[in-house]
Amino acid sequence: MHRTRVVVLGAGIVGAACARELALAGFGVVVVDRGGAAGATTSHGEGNVLVSDKGPGPELELALLSRRLWPEVLADLAERSGDAPGRVAAVEWQPKGGIVVATTPEGARDLLPFASAQRGSGVRAAVLDSDALAEAEPWITRAHTAAVHYPDDAQVQPAGAATALLHDALAAGAILHTGREVLGAVVSGGRLTGVRTSRGTLEGDVFLNAAGPWAGELSRRLGAPVDIRPRRGEVLVTMPLPPTVFHKVYDADYVGAVGSGAGELQTSAVVEATRGGSVLLGSSRRQVGFDDRTRPEVLSAIAAKALNLFPSLAGVPVMRAYGGFRPYVPDHLPVIGADPRLPGLWHAGGHEGAGIGLSVGTARLVRDLLLGEPTEIDAEPFRVGRPAVLAGDAPGPAPKHPTPPAHPAPPNRPAHPEGP
């Protein structure tokens with residue numbers, strides 16, 4: 001019996017999570033990346049696993065699914081690998097919770113109803129008074145107007161998490177090709193049957209575009225463009241400090257910045273500590289294409305916003321700064337599922353800054369859709385055929401549950417991928 005061969009295009013955390021789910025489900029999986037595994041956007045993130053920044057709707061449903069799956073996936077990784085050598089520890093899973101703080105009357109008027117609506121969708125969100133906030137975060141500003149605690153917010157080390165997921169995929173039979181750029185499509189009978197790469201052609205039954213901010217360019221090379229664009233952000237990293245920040249803490253205006261489509265610079269305060277003691281200061285958002293130059297004025301704006309939340313950080317040395325690109329979609333929803341214009345092409349991208357947290361839920365959706373099984377949440381809002389995604393093309397018909405490939409993989413069959 002022919003096993004479905006899935007070629008995952010991209011070895012960041014979304015590609016790694018999808019490769020793992022599919023390999024464990026019995027698909028023949030090949031992962032290809034033009035660089036190295038987890039070497040681009042994934043390695044330039046903060047590792048957020050958040051429910052606090054998403055209002056009621058499809059993305060929050062995906063975030064809640066992912067938040068439930070993360071501990072299950074990590075427990076499974078530990079059991080399957082024997083945690084050798086400390087692979088799960090490298091993920092640095094920290095379910096430390098988050099606190100959103102408003103520092104203006106306007107911010108409080110927005111934050112409190114937002115949190116109330118989230119509670120109606122199953123999010124745990126508790127309003128903190130001044131004493132409770134001071135106990136939770138002793139060094140935070142006293143000039144606040146409201147605060148909400150989200151106990152389910154968590155954090156991982158992004159590259160460590162992606163590497164652990166990918167290792168498990170490889171242990172289940174997946175194959176990894178790095179240093180192999182996808183150049184174009186091989187189409188036969190109206191179906192995508194292969195991709196031309198800088199090191200030869202890879203054939204398959206399904207090709208999953210998980211190329212992060214480069215997914216738009218990749219989709220154009222394959223002849224079915226989707227509107228996924230790069231949106232740049234920067235982060236400052238302090239020298240290691242004594243315990244100073246105990247949750248992921250951010251200003252209430254962060255939610256508005258995430259949901260905005262503005263191209264000009266936007267900054268909001270996001271402050272959190274790592275296990276090594278350094279404090280990460282974010283965040284910025286600007287649409288500059290793939291211009292990777294770091295702008296001093298952007299770093300200055302980030303620092304100013306962070307000091308507004310934590311005045312005690314004034315004078316703390318900054319060790320380094322780094323930046324990266326988020327995969328931005330105009331309607332702010334990920335793109336997950338089959339492309340209605342080109343059979344054989346699937347997408348898993350457009351998560352913007354939430355890809356780390358949403359990766360495992362996205363992978364579960366992709367697996368269930370490919371198998372033709374019911375999904376745990378409604379996948380329709382993420383469909384590829386919606387107008388915001390098709391980059392000016394007329395949207396084609398997109399079935400509620402996209403048709404799986406002609407030869408679904410038996411879910412319990414051991415994975416022994418065939419070569420390209």
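In the predicted model, helix α3 has 15 residues, which should span 21 Å at 1.5 Å a residue; the C-alpha atoms at its two ends lie 22 Å apart, in agreement with that expectation. The buried residues of this helix are G107, A108, L111, A115 and Q118. Because these residues cover an arc of only 100° around the axis, they fall on the same side of α3. An α-helix has 3.6 residues a turn, so residues three or four places apart point the same way. R109 and D110, on the other side of α3, are exposed. The cover over the buried residues of α3 includes strands β4 and β6.

These two strands belong to an open sheet of 8 strands, arranged in the order β5-β6-β4-β14-β15-β16-β13-β17 with mixed pairing. Its edges are formed by β5 (126-127) and β17 (318-328), each of which pairs on one side only. Helix α3 (residues 105-119) packs on this sheet through contacts with β4 (98-102), β5 and β6 (146-150), and its direction makes about 25° with that of β6. At the β17 edge, strand β13 (residues 229-238) is joined to β17 by 10 bridges, and the two strands run antiparallel. Within this pair, L236 has A321 of β17 as its bridge partner. A further helix, α8 (residues 296-309), lies across β4, β13, β14 (248-251), β15 (266-273), β16 (279-285) and β17. Helix α8 runs at about 60° to β15.

Another open sheet consists of 3 strands in the order β9-β10-β11, with antiparallel pairing. Strands β9 (182-188) and β11 (200-203) are its edge strands, each pairing on one side only. On average, and with direction ignored, neighbouring strands of this sheet are turned by 30° against each other. Strand β9 is connected to β10 (residues 191-197) by 6 bridges, in an antiparallel arrangement. One of the residues involved is V187, whose bridge partner in β10 is L192.

Helix α5 (residues 158-171) comprises 14 residues and extends 20 Å from its first C-alpha to its last, close to the 20 Å expected at 1.5 Å a residue. Its buried residues are P158, G160, A161, A162, A164, L165, L166, D168 and A169. They pack against α1 (13-24), β2 (28-32), α2 (58-81), β8 (175-177) and α9 (355-371).

The largest nonpolar core contains 74 residues, of which V29 and W70 touch the most other members. Residues up to four places away in sequence aside, W70 touches I13, V49, W93, A161, L165, I356, G357, S359 and V360. Among these contacts, A161 and L165 are also buried residues of α5.

Helix α1 includes G15, which counts as buried because its relative accessibility is 0%. Apart from neighbours within four places in sequence, G15 is in contact with V8, G10 and A210. Between G15 and S359 there is a separation of 344 residues in sequence, whereas their C-alpha atoms are 8.2 Å apart in space. S359 is also one of the residues touched by W70.

Notes:
Residues numbered from 1 in each chain as written. Predicted model: local features only at pLDDT ≥ 70, side-chain atom pairs only at ≥ 80, totals over all residues. Heavy atoms only, no water. Pairing = 2+ DSSP bridges. Helix = DSSP H or I, 4+ residues; strand = E, 2+ residues; numbered from the N terminus. Axes fitted to C-alpha atoms, helices over the stretch in contact; angles between N-to-C directions. Contact = heavy atoms within 4.5 Å. Core = buried A, V, L, I, M, F, W, Y, C linked by side-chain atoms within 4.5 Å. Buried < 20%, exposed > 50% of the residue type's maximum accessible area, 1.4 Å probe, protein only. Expected span 1.5 Å × (residues − 1). Arc of directions from axis to C-beta.
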